[in-house]
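Trainee: I have a new model open and would like to learn how to read its cores and charge pairs. Could you walk me through them?
Mentor: Gladly; let's look at it together.

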Amino acid sequence: MPTLRRTFLTTAAVAALIGSAPLAAQTSASSYPSQTITVVVPHAPGGPVDSVARLFADKLKDQLNQSVVVENRAGASSMIGAAHVARANPDGYTLYINASIHSINPLLYKDKIQFDAVKDFTAISLLAQGPLLFLVNPSVKATTAKEFADELKANPGKYSFATGGFGAADHLASAYFLHESGQKNIPIALYKGGAPALQDLIGGSVSAKMDAILTALPLVKADKVRALAVTSAKRSPLLPDVPTMQEAGFKDFEFSTWYGLWAPANLPADVTEALNKAAERIMALPEMQDKLSSLGFVADYRGPKGFAEFIDSEMKRYQTIIDAADIKIDQ
């Protein structure tokens, strides 16, 4: 695969959002929360992150007996919203829900990113995980991932992949597949969001895409795209006839996108614990687990320590994939 490049155009905008260091927080659990809580989602409405965030926010309102609103601040591969949270007052009234891209961005943008994705945030809890579906346009003859890899080898100039975001889970999963298939020269077209990428997949402008089950499942059921495989270790109960990538012969291929809850750095310990306990209760609710399952996600609560350790291990794994697939941006 050729080196993938994207000019970073939002440095000034992101830097402006950081501003000065946040004021010292005065909030404590004894009075928290006493006003509306805002959950920042750094993506457009309607996608997987937004869906998880709105499900969680609705339950958080009940748990804390306080109004909770979701605010979409999309742009710059989710870094506009992240920058806003990084500069917010660490009082528990500005929270942040994002996917794994939050931990991928610093590996790609390096000195271009204007905040520290770990140190400028308080990791509160992991919420959920979900595999991706390996989708192809119906015109593709292959019916398995292995057959498609063989087609790529035989006719490399005929095919292309799509990604809805540079460095997003679908991007890394696609690059990983191409690397494992020995076809690193197959292009991955960058789109401004998953929706236009899926539309071009349906129309045949691109041949393949990895995508979250939430947005992919309706298209698969309508026969607008075909699912070759699922990227989890086990088959999805929503598509039990679709094999895993490991079943298709890619023995080390396991890839999920995950969703977590953060706040600005230096959140008071008692407020962190109040939010952590609320998250633990929410993710244990049968109705929450059932709703997530119907969307292709699995509730996977882990508290601050476990979430921080998970982030660290995931960033190391992502770095391995980025290095192997030679994914870069213009410096």
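**Cores and salt bridges**

Mentor: Let's begin with the nonpolar interior of this predicted model. The largest nonpolar core has 61 residues, and those touching the most other members are Phe115, Phe134, Phe148, Phe161, Phe177, Phe253 and Phe255.

Trainee: Which helix gives the most to this core?

Mentor: That is helix α11, spanning residues 304–325, which contributes 8 residues. There is also a second, separate core of 35 residues, with Ala53, Phe56, Ala279 and Phe297 among them.

Trainee: Now the charged side chains. What should I look for?

Mentor: Here is the general idea: side chains of opposite charge can pair when their charged atoms come close. In this structure, a search of the whole model finds 16 salt bridges.

Trainee: How far apart are the closest N and O atoms of aspartate 50 and arginine 54?

Mentor: They are 2.9 Å apart, and the two residues form a salt bridge. Both sit in helix α2 (residues 48–64), and because they are 4 residues apart there, about one helical turn separates them.

Trainee: Is each partner buried or partly exposed?

Mentor: Aspartate 50 is buried, at a relative accessible area of 4%. Arginine 54 is partly exposed, at 37%. Buried means under 20%, so aspartate 50 falls below that cut-off.

Trainee: Which residue forms a salt bridge with aspartate 170?

Mentor: Lysine 209 does, with 3.0 Å between the closest N and O atoms. Aspartate 170 belongs to helix α6 (residues 169–180) and lysine 209 to strand β7 (residues 208–212), so this pair ties together parts that are 39 residues apart in sequence. Aspartate 170 and lysine 209 are both buried.

Trainee: Let's go back to helix α11. Where in it do lysine 305 and glutamate 309 stand relative to each other?

Mentor: They are 4 residues apart in helix α11, which means about one helical turn lies between them. Their side chains meet in a salt bridge, with an N to O distance of 2.6 Å.

Trainee: What are the relative accessible areas of lysine 305 and glutamate 309?

Mentor: Lysine 305 is exposed, with 60%, and glutamate 309 is partly exposed, with 47%.

Trainee: Which residues are linked in a network of salt bridges?

Mentor: Have a look at Asp58, Lys61 and Asp62: salt bridges link these residues in a network.

Definitions and conventions:
Residues are numbered from 1 along each chain as its sequence is written. This is a predicted model: local features need pLDDT of at least 70, side-chain atom pairs count only at pLDDT 80 or more; totals for chains, interfaces and linings use all residues. Side-chain values use heavy atoms; hydrogens and water are left out. A nonpolar core is a set of buried Ala, Val, Leu, Ile, Met, Phe, Trp, Tyr and Cys residues joined through side-chain atoms within 4.5 Å. Buried means under 20% relative accessible area, exposed over 50%, partly exposed in between (1.4 Å probe, protein chains only). Helices (H or I, at least four residues) and strands (E, at least two) are DSSP runs, numbered from the N terminus. A salt bridge is a side-chain nitrogen of Lys or Arg within 4 Å of a carboxyl oxygen of Asp or Glu.
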